[in-house]
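Thanks for coming. I will go through one model this morning, starting with its empty space and then moving to a helix and a few single residues.

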Amino acid sequence: MAHISPIEYKRRMKTKTLFYRFHTTDNLLDSKNFNNIKKVRCIALNEQGLACMVSNDGVTDWMVPGGTVEKNENPILALKRELLEEADIEIKNYKLIGFMEAEFKNLLTGYTSRYTEMWFVANVSKILTQTEDPAKGKILEREFFDIEEMAYKFQKWGRISKFMVEFLTKLKVKSEK
């Protein structure tokens, strides 16, 4: 994967601002990006090339599954654990696609949260019966969406979404050959 300049997305709302900076890389040893790694996410594709997403409400709150890396936990183990907990899926052929720096600022209180996520793409190897997510205390909705719907309807991250669609489309074409 060619390393390109970071892709940025900014959004200001009435009560908060969001800022994302995505660094493309497939190098797990890209150590400059390991500062402040707190979360992992995975675009898990089924056999039809559809992306798994989970939702708290099954209507508007769809997100790419993933979550927090626990203390002394390897990011790959955290990724597999989070996908089992949230989406009840197992993955294979996982590949790092980049690092996402995230910043959320509450404009009313001034509180700011910053962290970095490792983003992966993988194939779904097994879909299990859904169980309660220990972090949420309930079973999350799980659906598989077209990659464009995932990126543009639910993630809505401007140029980052565009990169994801282009990257996943190229990946899909390669795997079909």
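**Cavity, pocket, helix, strands**

The largest cavity in this model, which is a predicted one, has a volume of about 40 Å³. With a threshold of 30 Å³ or more, the count is 1 cavity. Its lining consists of Ile43, Trp119, Met150, Ala151, Gln155, Trp157, Ile160, Ser161 and Met164. Two helices, α2 (147–155) and α3 (159–176), each supply at least two residues of that lining. Sorted by class, the lining of the largest cavity has 7 nonpolar and 2 polar residues, and no charged residues.

Next, the open space. The largest pocket holds about 600 Å³. It is lined by 24 residues, and the closest to its centre are Tyr20, Trp62, Phe154, Gln155 and Trp157. Gln155 and Trp157 are also named in the lining of the largest cavity. Which elements each supply at least two residues of the lining of the largest pocket? They are the strands β1 (7–12), β2, β3, β5 (62–63), β7 and β8, together with helix α2. By class, this lining has 14 nonpolar, 2 polar and 8 charged residues. Charged residues are thus found in the pocket lining, whereas the cavity lining has none.

Now helix α1, residues 75–87. Does its length agree or disagree with the expected span? Its 13 residues, at 1.5 Å a residue, should span 18 Å, and the end C-alpha atoms are 17 Å apart, so the two agree. At the start of α1, a side-chain oxygen of Asn74 comes to within 2.6 Å of the backbone nitrogen of Ile76. Just after the helix, Asp88 has a positive phi of about 55°.

Which residues of α1 are buried? They are Ile76, Ala78, Leu79, Arg81, Glu82, Leu83, Glu86 and Ala87. As a reminder, an α-helix has 3.6 residues a turn, so residues three or four places apart point the same way. The buried list includes Ile76, Leu79 and Leu83, and also charged residues such as Arg81, Glu82 and Glu86. The cover over the buried residues of α1 includes β3 (37–45), β4 (51–55), β6 (66–68), β7 (89–106), β8 (112–127) and β9 (141–145).

On to single residues, beginning with two in strand β2. Thr17 is placed in β2, and so is Leu18, the strand running over residues 16–24. Are they buried or exposed? Leu18 has 11% relative accessibility and therefore counts as buried. Thr17, at 18%, also counts as buried, because the cut-off is under 20%.

Setting aside neighbours within four places in sequence, Leu18 is in contact with Tyr9, Lys10, Arg11, Met13, Glu103 and Phe104. On the same basis, Thr17 is in contact with Arg11, Arg12, Glu103, Phe104, Lys105 and Leu107. Arg11, Glu103 and Phe104 appear in both lists. For a sense of distance, Leu18 and Lys138 are 120 residues apart in sequence and 27 Å apart in space, C-alpha to C-alpha.

The last residue is Ser55, in strand β4. Its relative accessible area is 0%, so Ser55 is buried. The side chain of Ser55 makes a polar contact with the side chain of Asp57, at 3.0 Å. Beyond its neighbours within four places in sequence, Ser55 is in contact with Asp61, Trp62, Leu140 and Glu141. Trp62 was named earlier, among the residues closest to the centre of the largest pocket.

Notes:
Residues numbered from 1 in each chain as written. Predicted model: local features only at pLDDT ≥ 70, side-chain atom pairs only at ≥ 80, totals over all residues. Heavy atoms only, no water. 1 Å grid on protein atoms, 1.4 Å probe; cavity = no way out; pocket = protein on both sides within 12 Å on 5 of 7 lines; lining within 4 Å. Points joined across faces, edges and corners; volume = space filled by probe spheres on them. Helix = DSSP H or I, 4+ residues; strand = E, 2+ residues; numbered from the N terminus. Buried < 20%, exposed > 50% of the residue type's maximum accessible area, 1.4 Å probe, protein only. Contact = heavy atoms within 4.5 Å. Expected span 1.5 Å × (residues − 1). Polar contact = N/O pair within 3.5 Å; in protein donor to acceptor, adjacent residues only side chain to side chain.
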